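Morning, everyone. I'll take you through some strands first, then the empty spaces. Here is the model.

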Amino acid sequence: MDVRIGILISTAALLLVAGCGLHAPASLSQATVGVTHPDADGTSLLIRDALVVDGTGEPARRADVRIQGERIAEVGRLDPLYGEQVLDANGLALAPGFIDTHSHHDQDLLGEPTALGAVSQGITTIVVGQDGGSHFPLSDFFQQVEQEGVAVNVASFVGHNLLRYLVMGDDFRREATADEVIAMRVLLGRELRSGALGLSTGLEYDPGIYASTDEVISLAREAAAKGGRYISHVRSEDRALFEAVDEAIRIGQEATIPVQITHMKLAMRSLWGRADELIDRLERARSAGVEVTADVYPYTYWQSTMMVLLPDRDVEDREAVEFAIRELAPAEGMRLAHYEPEPAYEGSTLADLAEQLGEDPVTVFMDLLSRAVEEEAAQSVIATSMLEADVVRLLQWPHANVSSDGQLRGSHPRGFGAFTRVLGPWVRDGHLTLEQAVHRMTGLSAAHMGIDERGTIRPGAYADLVLFDPARVADRATPEDPHAVSEGIEGVWVNGVRVLDAASQPTGATPGRVVRRSSDAEDVR
Ligand SMILES: [Zn+2]
């Protein structure tokens, strides 16, 4: 079924040109309509008079875009075909669908296949399997996605923490033996053959935190041999950030693999203002031949577990907790997003709870975390620990693309607003031009992920498209209301099928595909 038909569009009129000629340009003669280009299959859609921001970073231009089936057929000044649907964009911007290079939108995706949080901010491809965690086996997950149907395209990395868990089980607080590394490589190879984009690590988390750099290099070599890539939540984003970045670069160098430093940030007071120093480091590595890139989400606060603040994993280490709350995540800016042992605490900041309980924030933090550990209960916090000027500067680096790190039902607003926050407010504030912003969500992201045929508007590419109003587009999600839908997104298409209407409502269509690694030329097995 073609779900485009019959959908009412408020700001951009959808109409059949056949026989009416209402929106036909003056030059359109009846002789050309339907005679030279019959459109018998009915899948053709002409989006007319859009401000095409094509994803390459080149200047936007007014043009028409024809979609036929799942692909873009033509771009230029185009006359409607006989029987073709025409959507008048009236100068609204048309960009390639956004590629989210660090997504957790796969959580709950099969239960919520319309993926509102993702598509309502213009995301058409989610790259999951991040931070060292991935579905296993990927072939099953991919099959489920394809059979059940989802609105977005899905690509995945293979998680190092998963591999470690599969091979080492609970005995992971140590380096892996040579045999264990071989076993991980075998599993990785199998997952890569299912079409994974490469290897992901989450070296700040268990069990990856206990891995040696050599272990990761060995696995990265396996990925490189199959044309895969490496994406890393690096070992430290605060205390030892620069060492962690050096480690990622070394892995890229020794395994000869492209490296993406994912959700790159300067998450400690004493690192604030040092974005240029970090960029210099990355530029030096690039000059030395390491293909290092990054992605950034546009918020000064992150969401993770409380334990991530304690790299030595010692809940009793009062000094470490004091340091964390002073330098990394101040009590007023640390909000409990999820706390299984005491759900009533959710939404409160550590400062609120300290006041409520009549204790100091350090003690409260230690008590909360100890209890969660004892009860093996889930918990997470949203914590402010970045400076906006740094976040902006990092995203301005020409090798940084936008990511969300978001979820469909998460409590961080990035799940609904990361891309629209950059596309609207950040562009209007002059942090990036519209073309630069779109490039960092599309063409650049595709290049960083090794995804072909998506990320630019050109004939032959898949018709993943976002129609939006550059003057109005904005995120609305906040920590208090993290599922507020963005404004100004007027339509989203995935593989030529409309998934979001002009009122930012899902159409119910689920045309998403699994996006598999295209490069496997070196895989000789
Ligand atoms: Zn992460």
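Start with one pairing: Asp100 has Ile126 in strand 8 as its bridge partner. This is a predicted model, so keep that in mind throughout. Asp100 belongs to a wider contact, as strand 7 and strand 8, residues 123-128, are joined by 3 bridges and run parallel.

Now zoom out to the sheet. It is open, it has 3 strands, and the order is 7-8-9 with parallel pairing. Which strands stand at the edges? Strand 7 (98-100) and strand 9 (153-156) do. Each has a single partner strand, so one side of each is left without a neighbour in the sheet. From one strand to the next, the twist averages 20 degrees.

Next, strand 12. Is it enclosed or open to the outside? Look at burial. 5 of the 5 residues of strand 12 are buried, so the rest of the structure largely encloses this strand. Both faces are covered. On one side sit Arg229, Ile231 and His233; on the other, Tyr230 and Ser232.

What does strand 12 pair with? Take strand 11, residues 198-202. Strand 11 runs parallel to strand 12, and 5 bridges join the two. Gly198, for one, has Arg229 of strand 12 as its bridge partner. Helix 5, residues 213-225, completes the picture here: strand 11, helix 5 and strand 12 make a right-handed β-α-β unit.

Then there is strand 13. Strand 12 and strand 13 also run parallel, joined by 3 bridges. Tyr230 has Val259 in strand 13 as its bridge partner. To get from strand 12 to strand 13, the chain passes through helix 6, residues 241-255, and this β-α-β crossover is right-handed.

On to the voids. Rolling a probe the size of a water molecule over the atoms shows where empty space is left. How many cavities of 30 Å³ or more are there? The count comes to 2.

I'll take the second largest cavity now, as strand 12 comes up again. Its volume is about 40 Å³. The lining residues are Phe157, Arg229, Tyr230, Ile231, Pro258, Val259, Gln260, Glu291, Thr293, His448 and Met449. Strand 12 (229-233), strand 13 (259-261) and helix 14 (443-449) are the elements that give two or more residues to this lining. Strand 12 has the largest share, with 3 residues. By class, the lining of the second largest cavity holds 6 nonpolar, 3 polar and 2 charged residues. Note Tyr230 and Val259: they are bridge partners, and both line this cavity.

The largest cavity holds about 60 Å³ of space. Its lining includes His263, Met264, Lys265 and Leu266, along with Tyr297 and Tyr299. Met386, Leu387, Asp390, Val391 and Leu394 line the largest cavity too. Here the classes are 8 nonpolar, 1 polar and 2 charged residues.

Last, the largest pocket. About 1,200 Å³ of space lies in it. Which of its 45 lining residues are the closest to the centre? They are Tyr205, Asp206, Ser304, Thr305 and Gln379. Strand 15 (301-304), helix 10 (361-374) and strand 17 (379-384) each supply at least two residues of this lining. The lining of the largest pocket divides into 15 nonpolar, 18 polar and 12 charged residues.

That's my tour. Questions are welcome.

Methods:
Residues numbered from 1 in each chain as written. Predicted model: local features only at pLDDT ≥ 70, side-chain atom pairs only at ≥ 80, totals over all residues. Heavy atoms only, no water. 1 Å grid on protein atoms, 1.4 Å probe; cavity = no way out; pocket = protein on both sides within 12 Å on 5 of 7 lines; lining within 4 Å. Points joined across faces, edges and corners; volume = space filled by probe spheres on them. Nonpolar A, V, L, I, M, F, W, Y, C, P; charged D, E, K, R; others polar. Helix = DSSP H or I, 4+ residues; strand = E, 2+ residues; numbered from the N terminus. Buried < 20%, exposed > 50% of the residue type's maximum accessible area, 1.4 Å probe, protein only. Pairing = 2+ DSSP bridges. Right-handed = clockwise from strand over helix to strand, strands pointing away. Axes fitted to C-alpha atoms, helices over the stretch in contact; angles between N-to-C directions.
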